[in-house]
Structure formats: structure tokens, C-alpha cells
Amino acid sequence: EQLQQTFSTTSRVYGSLFLFLIVAFSFVMPELLTLATTPEFVEGYRLVPILCIGPLVQGWVLFAYDGIHLAGKTRMIPVILLTGMLVNLLLNALLIPPLGMTGAAIATALSMLLIGGWAHHVSARLYPVAYPVGHLMKVASAAAVVLIAFLLLDPEDVWLSRGLRLMLFTAFASALWFS
């Protein structure tokens, strides 16, 4: 029971902190790309939130794999990963022609979400842990709202953009703090 509580608490901190960092990283990315690359690549900041889904889920999967390992059912892990890889290849074939690099980012995010969801489902059946899924979904939803608002409303003027990002980040951080 203590191990399960540790898994639950650790996953809550991990998920909340990682989502906080995704939002922060996404909001500073326009400036970072302006400093680090040429102007034609600066618009790549728009893909950063989607690209961050893969590492977020990969970290979450480590928690799910613990349950699978503790139950001694590690044979499921290659099946989960192979399925995710095949789905990723299929989605790349479907999404890259019409969407280019955005399609590749979406394909990777969706296949990683499949891997994470399936690993979590298998683990929950084999080694039940009360993961704070509801809390993490609320944090993820708040992160998605502020990131989508930024991407849809981002003004051309750099100072207005920075103001919008500061306002959205403050709102997100406040929501996270009070949750």
C-alpha cells in the first residue's frame, strides 16, 4: 500500500511539474528560436506544445511499466510499444502528405498517447494504483487551453505577444497552484 501511495504521489508531482514546464517552455520558445535560428524557422514555436507530448507521455509510461514489472507481465511491454510504432507509421503516412511537419508532430503525439493509455490500462489491471488521473487531466486541460489560446490569439506585435503569454502563463500557474 505504501508503494502504491508513493507511485500516486510521484506521478502527481511529475505530471503537474512537466505540464508546467511545457507551458513555460512553449511561451519562451519564440524568443529562444529568434536567438538560436534564422527567421524562417521561428514559426516552429507553434509545434513545440505538440512535440512535448511525447516526452510527457514517455515519463508517464515509466509509472505504468512499474506496475507491469511488479506483476511480472513484462511480455506486454513489447506488444504495447510495437503497436504504438505501427500506429505512428500509419499516422505519418496519413498526416504528413497533407500537413507536413505538423502531421508528423501530431502522429507522434497520438501514437505516444496510445502507448501511454494502453500501458496505464494494463498496469491498472495488474497492479492497481490510485493514480491522480482526474487531477492530471484538469492540469492538462488547463495547459491545453492556455496554449491553444496563445497559438490562436498570438498577435504580430512582439510586445503584445509577450503580454498575452505573461497573462496566460499567470492564469495557468494560478490555476495549478489552487488546484
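Axes are lines fitted to C-alpha atoms, for helices over the stretch in contact, and angles between them run from 0 to 180 degrees between N-to-C directions. Keep that in mind for the first stop. The model on screen is predicted.

**Stop 1: α7 and α8**

Select residues 133-153, helix α7, and residues 158-178, helix α8. Their axes lie 10 Å apart and make an angle of about 170°. Angles over 145 degrees count as roughly antiparallel. The two helices, α7 and α8, are therefore roughly antiparallel to each other.

Now show the side chains between them. From α7, pick V139, A142, A143, V146, A149, F150 and L153. From α8, pick S161, L164, R165, L168, F172 and L176, which the α7 residues meet. What kinds of residue make up the contact of α7 with α8? Eleven are nonpolar, one is polar and one is charged.

**Stop 2: the largest nonpolar core**

Next, select V23, F27, L168 and F172. They belong to the largest nonpolar core, which has 29 residues, and they touch the most other members. Which elements give two or more residues to this core? They are α1 (2-36), α4 (53-70), α7 and α8. The biggest share comes from α1, with eight residues.

Zoom in on V23. Beyond its neighbours within four places in sequence, V23 is in contact with A143, V146, L147, F169 and F172. A separate core of eleven residues lies apart from the one just visited. To find this other core, select A64, Y65, A119 and V122, which are among its members.

**Stop 3: F20 and L176**

Go back to α1 and click F20, which lies in that helix. Is F20 buried, partly exposed or exposed? Its relative accessibility is 24%, so F20 counts as partly exposed.

Add L176 to the selection. F20 and L176 sit 156 residues apart in sequence, yet their C-alpha atoms are 8.2 Å apart in space. Leaving aside neighbours within four places in sequence, F20 is in contact with F169, F172, A173 and L176.

**Stop 4: the aromatic cluster**

Stay with the rings. The structure holds nine aromatic pairs. Select Y14 and F18, which form a tilted pair. Their ring centres are 5.4 Å apart, with 50° between the planes. Y14 and F18 are four residues apart in helix α1, so about one helical turn separates them. At 24% relative accessibility, F18 counts as partly exposed.

Which residues do ring pairs link into a cluster with Y14 and F18? Add W60, F63 and Y131 to see the cluster.

**Stop 5: α4 and α5**

Show α4 again, with helix α5, residues 76-99. The axes of α4 and α5 cross at roughly 145° and come within 10 Å. Where do the side chains meet? Select Y65, I68 and H69 in α4, then I77, I80 and L81 in α5. This contact of α4 with α5 divides into five nonpolar residues, one polar and no charged.

**Stop 6: S123**

Finish in helix α6, residues 101-126, where S123 is found. Is S123 buried or exposed? With a relative accessibility of 2%, S123 counts as buried. What surrounds S123, apart from neighbours within four places in sequence? Select A64, G67, I68 and P128, which are in contact with S123. Two of these names come from earlier stops: A64 is in the core of eleven residues, and I68 is part of the contact of α4 with α5.

Key. Residues numbered from 1 in each chain as written. Predicted model: local features only at pLDDT ≥ 70, side-chain atom pairs only at ≥ 80, totals over all residues. Heavy atoms only, no water. Parallel < 35°, antiparallel > 145°, perpendicular 65-115°, else oblique. Contact = heavy atoms within 4.5 Å. Nonpolar A, V, L, I, M, F, W, Y, C, P; charged D, E, K, R; others polar. Core = buried A, V, L, I, M, F, W, Y, C linked by side-chain atoms within 4.5 Å. Buried < 20%, exposed > 50% of the residue type's maximum accessible area, 1.4 Å probe, protein only. Phe/Tyr/Trp six-rings, centres within 6.5 Å; stacked < 30°, edge-to-face > 60°.
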